[in-house]
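Me: I've got a structure open and want to talk it through with you. Can you take a few questions, one at a time?

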Amino acid sequence: MAPSEIKDELSGIVPKKMTEQEILEVIEAFTKAAVRAKKASFDGVQIHCAHGFLLSNFISPYTNRRTDRWGGSVENRARIVTEIVQRIKEHYGADFPILVKLNATDGFQPGSQKADLGINISQVVKTTKLLEKAGVCSIEVSGGISEAGVVTLKTAINSPTKEAYFREYSREIKKAVSIPVMLVGGIRSLSVMEHLLEEESADLISMSRPFVCEPDLVLKLKYGDAKKAMCVSCNLCFDPEGIKCNYKFNQNQGN
Ligand SMILES: Cc1cc2nc3c(=O)[nH]c(=O)nc-3n(C[C@H](O)[C@H](O)[C@H](O)COP(=O)(O)O)c2cc1C
Ligand code: SF4
């Protein structure tokens, strides 16, 4: 299911366009998931609106071509998310933090036809303002849908200039909202992390792959036992047998 019948060029699948009833059911399902999380003693929830999953497909005009109240304007495309936030707030008010992980770009080649059809930074900024107004307490800035290639998890992050590859987007978003902005994507060095905070590109640093090989990385950085993550961003941790650092494993085996 998707907002519109736009073929996914990677899989070749043409999704089924969701009916009004199905959209309302999805809103209900997300709300119930948040309620279960609260009951299970979680401190908050992050709603996934990135990486080409369903909610990000509503937000991007590339995948959302609807002309009803769930498509068209930025406000209509974000409506499914703002309704979910509103419904969760009806249950818990300000007592339960709701964060959003958001695509700031679909990741298509700039200037290409697909990029022109996709989301741009001014639409993203408008979306973040709507989310802030709805009561979201932090935005995590990411990007990329699978059809655009390896945009979300870039490989070979081997110099500080290649790190934090969504920083231009988070800087623009941070100028527009008052809530904390979190940045993810290829952040590896302490110096880059500090610089991102100093230049006001982000308020919070988010990492994923580095923790697969170094779960104690934050402590190492904090106590001066490391200046940067060991992770070489090879993506070998996408292992159907389970998430583990196959790069570290191969090194230990002498491969
Ligand atoms: C094995 C693996 C699984 C992931 N699963 C998710 C996921 O379920 N949801 C999500 O938002 N991002 C997921 N990601 C992407 C990360 O959250 C993050 O956005 C991305 O890896 C870029 O950050 P990094 O360079 O610090 O790894 C996953 C990444 C890896 C390596
Ligand atoms: S396999 Fe290891 S080194 Fe490669 S990206 Fe994953 S965590 Fe990083």
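Reply: Sure. One term up front: helices here are DSSP runs of H or I with at least four residues, strands are runs of E with at least two, and both are numbered from the N terminus. Also keep in mind that this is a predicted model.

Me: With that in hand, where is Arg 66 found?

Reply: Helix α2 covers 54-59 and α3 covers 74-92. Arg 66 is found in the loop between α2 and α3.

Me: Is Arg 66 buried or exposed?

Reply: The cut-off for buried is under 20% relative accessible area. Arg 66 has 6% relative accessibility, so Arg 66 counts as buried. A polar atom of its side chain lies 2.8 Å from the backbone oxygen of Pro 3. So the class for Arg 66, at 6%, is buried.

Me: What about Ser 73: buried, exposed or partly exposed?

Reply: Ser 73 also has its place in the loop between α2 and α3, and its side chain reaches the backbone nitrogen of Asn 76 at 3.1 Å. Buried ends at 20% and exposed starts over 50%, with partly exposed in between. Ser 73 has a relative accessible area of 37%, so its class is partly exposed.

Me: What separation is there between the C-alpha atoms of Ser 73 and Pro 240?

Reply: Along the chain, Ser 73 and Pro 240 are 167 residues apart. In space, their C-alpha atoms are separated by 39 Å.

Me: On to the sheet. In what order do the strands run?

Reply: The sheet is open, has 5 strands and pairs in the parallel sense. Its edge strands are β1 and β5 (204-205), each pairing on one side only. Strand β2 is joined to β1 (residues 45-49) over 5 bridges, and 5 bridges also join β2 to β3 (residues 138-142). The full order is β1-β2-β3-β4-β5.

Me: Which residues stand opposite Val 100 and Leu 102 of β2?

Reply: On the β1 side, the partner of Val 100 is Ile 47. On the β3 side, the residue opposite Leu 102 is Val 141.

Me: How many residues of β2 are buried?

Reply: In a regular strand, side chains alternate between the two faces of the sheet. In β2, Ile 98, Val 100 and Leu 102 point one way, while Leu 99, Lys 101 and Asn 103 point the other way, and all are buried. For the strand, residues 98-103, that makes 6 of 6.

Me: Which side chain does Lys 174 contact, and at what distance?

Reply: Lys 174 has its place in helix α6 (residues 167-176). Its relative accessible area is 19%, and buried means under 20%, so Lys 174 is buried. A polar contact joins its side chain to that of Asp 203, at 3.0 Å.

Me: Last one, ligand 2: which element gives the most to its shell?

Reply: The space taken by ligand 2 is the largest cavity, and the elements giving two or more residues to the shell are α8 (209-213) and α10 (246-252). Surrounding ligand 2 are 13 residues, the closest being Cys 231, Cys 234, Asn 235, Cys 237 and Cys 245. By class, the shell has 9 nonpolar, 3 polar and 1 charged residues. The element giving the most, with 3 residues, is α8.

Terms used. Residues are numbered from 1 along each chain as its sequence is written. Chains are lettered from A and ligands numbered from 1 in the order in which they are written. This is a predicted model: local features need pLDDT of at least 70, side-chain atom pairs count only at pLDDT 80 or more; totals for chains, interfaces and linings use all residues. Side-chain values use heavy atoms; hydrogens and water are left out. A residue is near a molecule or strand if one of its heavy atoms lies within 4 Å of it. On a 1 Å grid over the protein atoms alone, a cavity is a set of points where a 1.4 Å probe fits but cannot get out, and a pocket is an open set with protein on both sides within 12 Å along at least five of seven lines; lining residues have an atom within 4 Å of a point. A molecule sits in a cavity or pocket if more than half of its atoms lie within 2 Å of its grid points. Ala, Val, Leu, Ile, Met, Phe, Trp, Tyr, Cys and Pro count as nonpolar, Asp, Glu, Lys and Arg as charged, and the others, Gly among them, as polar. Buried means under 20% relative accessible area, exposed over 50%, partly exposed in between (1.4 Å probe, protein chains only). Two strands pair if DSSP finds at least two bridges between them. A polar contact is a pair of N or O atoms within 3.5 Å; within protein, one must be able to donate a hydrogen and the other to accept it, and residues adjacent in sequence count only if both atoms are side-chain atoms.
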